[in-house]
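Colleague: Please take one part of this model and examine it closely, starting with how its elements are assigned and then setting that part beside the rest of the chain. A single connected account would suit me best.

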Amino acid sequence: MADNSFSDGVSSDSLEAAKNASNTEKLTDQVMQNPQVLAALQERLDNVSHTPSSYIETLPKAVKRRINALKQLQVKCAHIEAKFYEEVHDLERKYAALYQPLFDKRREFITGDIEPTDAESEWHSESEEEDKLAGDMKNKVVVAEKEAATAEEPNPKGIPEFWFTIFRNVDMLSELVQEYDEPILKHLQDIKVKFSDPGQPMSFVLEFHFEPNDYFTNSVLTKTYKMKSEPDKADPFSFEGPEIVDCDGCTIDWKKGKNVTVKTIKKKQKHKGRGTVRTITKQVPNDSFFNFFSPLKASGDGESLDEDSEFTLASDFEIGHFFRERIVPRAVLYFTGEAIEDDDNFEEGEEGEEEELEGDEEGDDEDDAEINPKV
């Protein structure tokens with residue numbers, strides 16, 4: 001009897017297991033026939049297979065070892081690239097010395113210290129049609145010019161408010177300028193860029209030269225931008241060339257009552273015991289372009305800046321770079337607005353191309369064939 005009972009028990013369990021397996025197989029078949037389930041599984045598989053890191057993990061150890069060797073080579077390439085940028089900085093310094101006599105003459109024309117000759121003042125329009133029209137009109141206005149010559153005509157010295165006009169024309173700068181900054185900036189006579197000496201840490205200095213004025217005694221205000229041109233040890237593959245990492249301003253020697261970077265406010269205080277009220281005055285920071293010369297310091301000693309401070313510092317670095325790369329070398333074109341029009345056209349072109357590509361993503365393959373040759 002014992003043997004029969006054991007045999008029956010085994011047979012019952014086997015039948016139950018077979019039944020469960022059959023049900024599971026049927027359920028699996030039903031699930032796999034569902035298109036939505038299949039699509040979801042395929043998407044997950046695609047995502048996994050298209051992730052570079054997941055692909056690397058599947059490679060044999062011998063291949064991973066060779067990849068590590070490639071990374072070693074990449075780090076060495078980054079250090080060679082850093083040397084390249086150091087030599088570029090040396091070239092910038094060399095050519096800055098060649099530009100400087102021209103910039104010095106530019107300053108003399110602006111300030112009116114010297115008057116350009118007729119040859120130096122001659123400028124031909126790019127449009128031949130305009131030149132021809134000007135030639136046709138020339139004879140007609142000769143008589144009028146002679147008559148006007150006898151009349152008194154304003155002839156200001158140099159080019160008044162040259163640099164101040166640039167500040168007004170360039171949005172990045174005009175956003176910093178307050179109404180009470182404007183009379184001061186009208187005394188700005190020149191902006192220069194000085195590069196660090198050979199053998200010194202990479203940096204550049206912006207020099208703002210002012211004529212004597214009623215606001216401060218400094219003749220020159222400076223802003224020094226410190227740069228780094230070496231791969232980060234913790235992340236060498238992020239190196240893309242020199243970057244500004246910190247900056248220093250200067251002390252402005254304001255004349256009494258002329259400091260526009262602070263404002264005086266009155267505040268009432270009530271005595272806790274006696275209940276009497278007194279009025280005190282205190283100075284608080286004031287928005288001004290001249291805060292540009294009292295910049296935030298980049299974080300040190302492992303301390304991190306808050307988000308607002310990081311944004312302020314990044315904006316400062318961007319402005320310093322813009323002065324160096326655009327404003328100082330092409331000042332006359334920012335004065336006339338020609339450089340600003342060029343910048344606007346370039347930005348609009350980028351946006352237009354981006355919109356075209358975005359529209360293409362929704363199109364068909366024929367649209368791809370039309371757009372790709374233009375890229």
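Modeller: Helices and strands are taken as DSSP runs, with H or I over at least four residues for a helix and E over at least two for a strand, and they are numbered from the N terminus. The model is a predicted one. On that basis, the part I have chosen is the loop between β6 and α10, where Ser-288 is found.

Ser-288 counts as buried because its relative accessibility is 9%, and buried means under 20%. Its side chain reaches the backbone nitrogen of Phe-290 at a distance of 3.0 Å.

The loop is also the place of a charged residue with two partners. Side chains of opposite charge can pair when their charged atoms come close. The side chains of Lys-297 and Asp-246 meet in a salt bridge, with 3.1 Å from N to O. This pair links distant parts of the chain, since Lys-297 belongs to the loop between β6 (277-285) and α10 (307-327), whereas Asp-246 lies in strand β4, 51 residues away in sequence. The two partners differ in their cover: Lys-297 is partly exposed because its relative accessible area is 40%, while Asp-246, at 13%, is buried.

The second partner of Lys-297 is Asp-248, and here the salt bridge spans 2.5 Å from N to O. Asp-248 is in strand β4 and Lys-297 in the loop between β6 and α10, so this pair ties together parts that are 49 residues apart in sequence. With 24% relative accessibility, Asp-248 counts as partly exposed, because that class covers values between the 20% limit for buried and the 50% limit for exposed. The two bridges do not stand alone: Lys-226, Asp-246, Asp-248 and Lys-297 are linked in a network of salt bridges.

Strand β4 covers residues 243-248, and Glu-243 also lies in this strand. Glu-243 gathers with Glu-230, Asp-232 and Asp-235 in a patch of negative charge on the surface. With a relative accessibility of 45%, Glu-243 counts as partly exposed. Strand β4 thus holds Glu-243, a member of the negative patch, as well as Asp-246, which pairs with the loop residue Lys-297.

Beyond this part, the whole structure contains 12 salt bridges. One of them joins Lys-194 to Glu-207, with the closest N and O atoms 3.5 Å apart. This pair, too, links distant parts of the chain, with Lys-194 in strand β1 and Glu-207 in strand β2, 13 residues apart. Lys-194 is partly exposed because its relative accessibility is 37%, and Glu-207 is buried, its relative accessible area being 15%.

Strand β1, which spans residues 188-195, is also the place of Gln-189. The relative accessibility of Gln-189 is 18%, so this residue counts as buried. Its side chain makes a polar contact with the side chain of Arg-107 at 3.4 Å, and another with the side chain of Glu-211 at 3.5 Å.

The loop between β2 (203-210) and β3 (220-228) is the place of Tyr-215. This tyrosine counts as buried because its relative accessibility is 18%. The C-alpha atoms of Tyr-215 and Asp-253 are separated by 8.6 Å, although the two residues are 38 positions apart along the chain.

Two features earlier in the chain complete the account. The place of Tyr-99 is in helix α4, residues 61-111, and Tyr-99 is partly exposed, with a relative accessible area of 47%. Together with Leu-91, Tyr-95 and Leu-98, Tyr-99 forms a nonpolar patch on the surface, whose members have about 430 Å² of accessible area together. The other feature is a backbone one: Glu-161 has a positive phi of about 55° although it is not a glycine. Glu-161 sits in the loop between α6 (128-150) and α7 (162-169), and it counts as partly exposed because its relative accessibility is 33%.

To return to the chosen part, the loop between β6 and α10 holds the buried Ser-288 and contributes Lys-297, which forms salt bridges with Asp-246 and Asp-248.

Notes. Residues numbered from 1 in each chain as written. Predicted model: local features only at pLDDT ≥ 70, side-chain atom pairs only at ≥ 80, totals over all residues. Heavy atoms only, no water. Patch = residues over 30% accessible without salt bridge, like charges linked within 9 Å, V, L, I, M, F, W, Y side chains within 5 Å. Areas by Shrake-Rupley, 256 points an atom, 1.4 Å probe, with all protein chains shown as cover. Salt bridge = Lys/Arg side-chain N within 4 Å of Asp/Glu carboxyl O. Lys, Arg positive; Asp, Glu negative; His and termini not counted. Charge placed at Lys NZ, Arg CZ, Asp CG, Glu CD. Buried < 20%, exposed > 50% of the residue type's maximum accessible area, 1.4 Å probe, protein only. Polar contact = N/O pair within 3.5 Å; in protein donor to acceptor, adjacent residues only side chain to side chain.
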